[in-house]
Amino acid sequence: MIPTARCLAAKPPSFFKKSTEELSRLTRIAWNAEALSTPTKPYNLLDFENETSVASCKTMADRAVGGFSKADLDFIPATAHEPAHARFHGSISTKLPNNWRVERTGYAAFRNRDKGYWLFGRLFWDVDPYTYLALRVKSDGRRYTVNIQSDTIVETDIHQHRLYTRHHRVYGNPSDAFSSPLAAAAEAPEVGDVNDTLHPGGIPPSLSDIPPAETIISATTSGGTGWETVLLPFASFVRTNHGLIVEPQHSLIKNRIKSIGIGLTDRIEGPYDLRIHRIWATNGLSEEELEEERRICGENALPVDEGVRTLWGSKKEAFPSAESELEAQEQEKHREQEAKKVPGAKGLKGLKEEWS
């Protein structure tokens, strides 16, 4: 089979390209002195508007142990109504294979492949200056989990957080309607029993199948595009190993991130379909991102983060509005006029002219 131009273009970047991109990024940070202040611009991790990002990811499912779940990650080109994005889809099956060693099936996931090496060693994402992991997604409501793996002593450790969206479904299969947490507990006892067995010490809020009350959003999304941007605090991710919460808990090593992905382990049989536009690190939405956010997410768009806009209380705004710029100019003119009226405010040049 002869590869097409599209297949060749979607190949993961080469060693030379990785080195060039990383050197360019570090040079830009140094030149703009970005490391001396809290970043206000987003740090792109996986941008699925680029087909190369989809090609640089891999899928996983219980088929590796003989199960019957399916997982695919496809690139969807842009249309008049939607941006280019990745489609994570397939089906979940809890059917056990004819293998007495396998006791549980029913999972599927994807993540980026290892980032490889550049001129100065292994490549990692450094998100240490950022507070949130941001994901722009279009969800079918199933209980997806965001997985982050960093460079740790225990290589199988993964930090996880549930992907709560406006469409988050708290029970049943994809065809069920939305329900309250009480109905979820009544209609999905099997899931609750499994969680009690796996996590006898209790489930952290960020991994609960039932989202906290403040995150449960009405299922009414009429007029919306279905797209939304979700911010997950890095500090809320929970350390797990093979799906189990492990102790002692420790914070994510944010400056050595190896991989980021999304998994589905709700063990509810049936199809699933999650669209992902972009994944990035951020300290909040800036005004520079607002146009894209409103264009894609419509009425579900996030507002501009006030901390990012004002540089977290500093006198100079990161993205000053036109009104604030005019006000600053007026204040400067007023200071110049006042300086002329105050004796001794003429400076050495003014005094020299008077003496001569």
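1. A good place to start is Arg 278, which lies over the face of Trp 280, at 4.0 Å from the ring centre. Please keep in mind that this is a predicted model. There is another charge-over-ring case to look at: the charged end of Lys 95 sits over the ring of Phe 68, 4.6 Å from the centre of that ring.

2. Next, the aromatic pairs, of which there are five. One of them joins Tyr 43 and Tyr 130: the ring centres are 6.0 Å apart and the planes are at 35°. That angle falls between the 30 degrees below which a pair is stacked and the 60 above which it is edge-to-face, so this pair counts as tilted.

3. The Tyr 43 and Tyr 130 pair also links distant parts of the chain, as the two residues are 87 residues apart. Tyr 43 belongs to strand 1 (residues 43–47), while Tyr 130 is in the loop between strand 7 (121–122) and strand 8 (132–138). Are these tyrosines buried or exposed? Tyr 43 is buried at 10% relative accessibility, and Tyr 130 is buried too, with a relative accessible area of 10%.

4. Do have a look at the cluster as well: Phe 48, Phe 88, Phe 110 and Tyr 272 are linked by ring pairs.

5. Lastly, His 159, in strand 10 (residues 157–162). With a relative accessible area of 2%, His 159 is under the 20% cut-off and therefore counts as buried. A polar atom of the His 159 side chain lies 3.1 Å from the backbone oxygen of His 250. Beyond its neighbours within four places in sequence, His 159 has contacts that include Val 146, Ile 148, Phe 237, Arg 239 and Leu 252.

Conventions: Residues are numbered from 1 along each chain as its sequence is written. This is a predicted model: local features need pLDDT of at least 70, side-chain atom pairs count only at pLDDT 80 or more; totals for chains, interfaces and linings use all residues. Side-chain values use heavy atoms; hydrogens and water are left out. Helices (H or I, at least four residues) and strands (E, at least two) are DSSP runs, numbered from the N terminus. Buried means under 20% relative accessible area, exposed over 50%, partly exposed in between (1.4 Å probe, protein chains only). A polar contact is a pair of N or O atoms within 3.5 Å; within protein, one must be able to donate a hydrogen and the other to accept it, and residues adjacent in sequence count only if both atoms are side-chain atoms. Contact means heavy atoms within 4.5 Å. Rings of Phe, Tyr and Trp (its six-membered ring) pair if their centres lie within 6.5 Å; planes under 30 degrees apart count as stacked, over 60 as edge-to-face and the rest as tilted. A charge sits over a ring if NZ of Lys or CZ of Arg is within 6 Å of the ring centre and within 35 degrees of the ring normal.
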